[in-house]
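Hello,

Here is the structure I said I would pass on. Please open it first, then read my notes below.

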Amino acid sequence: MDRTDPDYAPLDPVAARQRMVDAQIRPAQVSNPAVIAAMRALPRELAVPPALRAFAYADQNLPLGEGRYLTEPRVTGRMLQVADIHPGARVLVVGAGTGYVAALLAGMGQGLVVTALESDARLAAAGRDLCRQWAPDVHWHEGALVKGDAADGPYDLILIDGAVRQVPPALVAQLAEGGRIIAPICADGGVTSVSLVLPTPQGSAAQPLFDAAVPLLPELEPAPAFVF
């Protein structure tokens with residue numbers, strides 16, 4: 001990152017946010033008015049460490065520490081677009097990090113009930129701070145990502161904000177009838193694709209929707225198999 005590059009050091013975050021939507025989000029086939037309005041309104045710079053705020057509107061994943069990242073804006077916008085969220089839906093954000101996606105969802109209106117699940121206490125504290133100001137109705141829960149949050153379920157939509165090798169069965173079990181999961185899935189040695197995951201009698205099935213360079217969530221990496 002070149003801190004002298006004016007594209008990465010906007011003097012006016014409001015103007016930079018509008019440029020992000022017009023140059024990154026809308027050209028990426030994002031046309032849902034609620035998604036567009038929420039991304040225009042929410043200060044993304046508040047979801048990254050202070051040292052990275054000058055890069056908050058760059059089209060890239062930004063490190064949050066401990067192997068965690070804030071997903072690039074274009075991918076976030078497309079994930080919300082393909083989620084096809086219905087009014088009044090109950091939504092769980094897994095790996096909510098610093099709260100950006102949860103706050104976006106709350107800012108989309110439509111009576112959404114949003115729960116943010118985060119296992120890292122430091123990130124959860126930052127996310128609560130962001131939501132306290134911008135999305136006070138978001139319910140935060142600290143706990144293991146692999147277990148989900150059954151207490152606030154079942155959910156019409158579960159959105160995993162970070163790539164996984166496979167969706168944990170506990171999350172599939174927390175879907176309401178007709179519910180779905182949107183998650184970046186990275187098969188071993190393969191390309192990461194944001195996918196629509198639906199429950200099946202055998203567990204779940206994933207339909208790839210679009211490719212995206214989303215870092216893996218370290219906590220949801222499968223444990224290495226023991227080899228004799």
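The sheet in this predicted model has seven strands and is open. Its strand order is E5-E4-E3-E6-E7-E8-E9, with mixed pairing. Strand E5 (139-142) and strand E9 (203-211) are the edges. Each of these two pairs on one side only. From one strand to the next, the twist averages 20 degrees.

Next, one strand pair in detail. Strand E7 (residues 175-186) and strand E8 (residues 192-200) run antiparallel. Six bridges join E7 to E8. One residue to look up is Pro-184: its bridge partner in E8 is Val-194.

A helix also packs on the sheet: H5, residues 121-134. Helix H5 touches strand E4 (113-118) and E5. The direction of H5 makes about 175 degrees with that of E5.

Now the cores. The largest nonpolar core holds 55 residues. Which of them touch the most other members? They are Met-39, Ile-85, Tyr-100, Leu-105, Met-108 and Val-138. Helix H4 (residues 100-107) gives the most to this core, with six residues.

Leu-105 deserves a look of its own. Leave aside its neighbours within four places in sequence. Leu-105 is then in contact with Leu-80, Ile-85, Val-91, Val-93, Leu-112 and Val-114. Ile-85 is also on the list of core residues that touch the most other members.

There is a second, separate core of 18 residues. Among them are Tyr-155, Ile-160, Leu-171 and Leu-217.

Over to you.

Best wishes

Technical notes
Residues numbered from 1 in each chain as written. Predicted model: local features only at pLDDT ≥ 70, side-chain atom pairs only at ≥ 80, totals over all residues. Heavy atoms only, no water. Pairing = 2+ DSSP bridges. Helix = DSSP H or I, 4+ residues; strand = E, 2+ residues; numbered from the N terminus. Axes fitted to C-alpha atoms, helices over the stretch in contact; angles between N-to-C directions. Contact = heavy atoms within 4.5 Å. Core = buried A, V, L, I, M, F, W, Y, C linked by side-chain atoms within 4.5 Å. Buried < 20%, exposed > 50% of the residue type's maximum accessible area, 1.4 Å probe, protein only.
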